[in-house]
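Here are my notes for your bench meeting. Please read them with the structure open.

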Amino acid sequence: MRVIAGVCKGRPLKAVPGKKTRPTTDKVKESIFNRIGPYFDGGSGLDLYSGSGGLGIEALSRGIDEMIFVDRDPKAIAVVKENVERCGFQDKSEIYRNAAKTALKAIVKRGLKFRVIFLDPPYMRQNLVEELEQIDRDRLSEPDGLIVVEHHESVRLNRTYGELKLDRSETYGGTTVVSVYRNAANE
């Protein structure tokens, strides 16, 4: 696992030990960023199920100004911290050990909005519909912001959640689907 492009291109990233966390493969990560960027000219991001932090770190490497990393697994949080340090992004990162639902409530209280949000929950314990509805309801995405959802092919998501519109969806390896929603509030 490594950073694919940007200021930290080629930097190796540590994976979370054990089998609880399923890291996004480099091939899928490269495809995601080729579709949503590939580079950014600033903005904030949220990596809600950060695991090793690979998606959020890739976004930072490609120009996102700051990233909030959230995971409830203490091993994952330790790995995110190590990977953020490897890339020198400590001053651009906030890292929290918390459940997604609790983290979203805290984000709402802070009044934060994001240019890009990554949702990559464990396949068997996902609440994507509720989270997408909350992101829309609480306006956590900037106008024209992106929500990148990685999920199992058996999970059926709507084409719209309020102002969030499905921009594209692609299947990888027969079971992994990446659905990209765009905040179409200005349309």
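**Notes on the predicted model**

1. Start at Val-148. Setting aside neighbours within four places in sequence, Val-148 is in contact with Ile-32, Ile-36, Val-116, Ile-117, Phe-118, Leu-119, Val-178, Ser-179 and Val-180. Keep in mind that this is a predicted model.

2. Val-148 belongs to the largest nonpolar core, which has 26 residues. Ile-32, Phe-33, Ile-36, Ile-57, Phe-118 and Val-148 touch the most other members. Several elements feed this core. At least two residues each come from α1 (26-36), α2 (54-61), β2 (66-71), α3 (74-87), β4 (114-119), β5 (141-152) and β8 (176-183). Another core, of 24 residues, lies apart from it. Leu-48, Phe-114, Ile-135 and Tyr-161 are among its members.

3. Now take α1. Which of its residues are buried? They are Asp-26, Val-28, Lys-29, Ser-31, Ile-32, Phe-33 and Ile-36. Note that Asp-26 and Lys-29 are on that list. The buried residues of α1 pack against α2, β4, β5, β7 (164-172) and β8.

4. Next, the aromatic rings. How many aromatic pairs does a search of the whole structure find? The search finds 3. One involves Phe-33 and Phe-40: the ring centres are 6.4 Å apart and the planes stand at 90 degrees, so this pair is edge-to-face. Phe-33 counts as buried because its relative accessibility is 0%. Phe-40 is buried too, with a relative accessible area of 10%. Ring pairs link Phe-33, Phe-40 and Phe-118 into a cluster. Two members of that cluster, Phe-33 and Phe-118, also appear among the core residues with the most contacts to other members.

5. Check the cysteines. A disulfide is a covalent bond between the sulfur atoms of two cysteines. A search of the whole structure finds 0 disulfides. Cys-8 is in none, and its nearest cysteine sulfur, that of Cys-87, is 4.0 Å away. The cut-off is a sulfur pair within 2.5 Å, so a separation of 4.0 Å does not qualify. Cys-87 is likewise in no disulfide, with the sulfur of Cys-8 as its nearest. Are these two cysteines buried or exposed? Cys-8 counts as buried because its relative accessibility is 4%. Cys-87 counts as buried at 7%.

6. Last, the strand pairing. β2 and β3 (residues 93-97) pair in the parallel sense, over 5 bridges. Met-67 stands opposite Ser-93 in β3. What hand does the β-α-β unit of β2, α3 and β3 have? The unit is right-handed. Two of its elements, β2 and α3, also supply residues to the largest nonpolar core.

Key
Residues numbered from 1 in each chain as written. Predicted model: local features only at pLDDT ≥ 70, side-chain atom pairs only at ≥ 80, totals over all residues. Heavy atoms only, no water. Core = buried A, V, L, I, M, F, W, Y, C linked by side-chain atoms within 4.5 Å. Buried < 20%, exposed > 50% of the residue type's maximum accessible area, 1.4 Å probe, protein only. Helix = DSSP H or I, 4+ residues; strand = E, 2+ residues; numbered from the N terminus. Contact = heavy atoms within 4.5 Å. Pairing = 2+ DSSP bridges. Right-handed = clockwise from strand over helix to strand, strands pointing away. Phe/Tyr/Trp six-rings, centres within 6.5 Å; stacked < 30°, edge-to-face > 60°.
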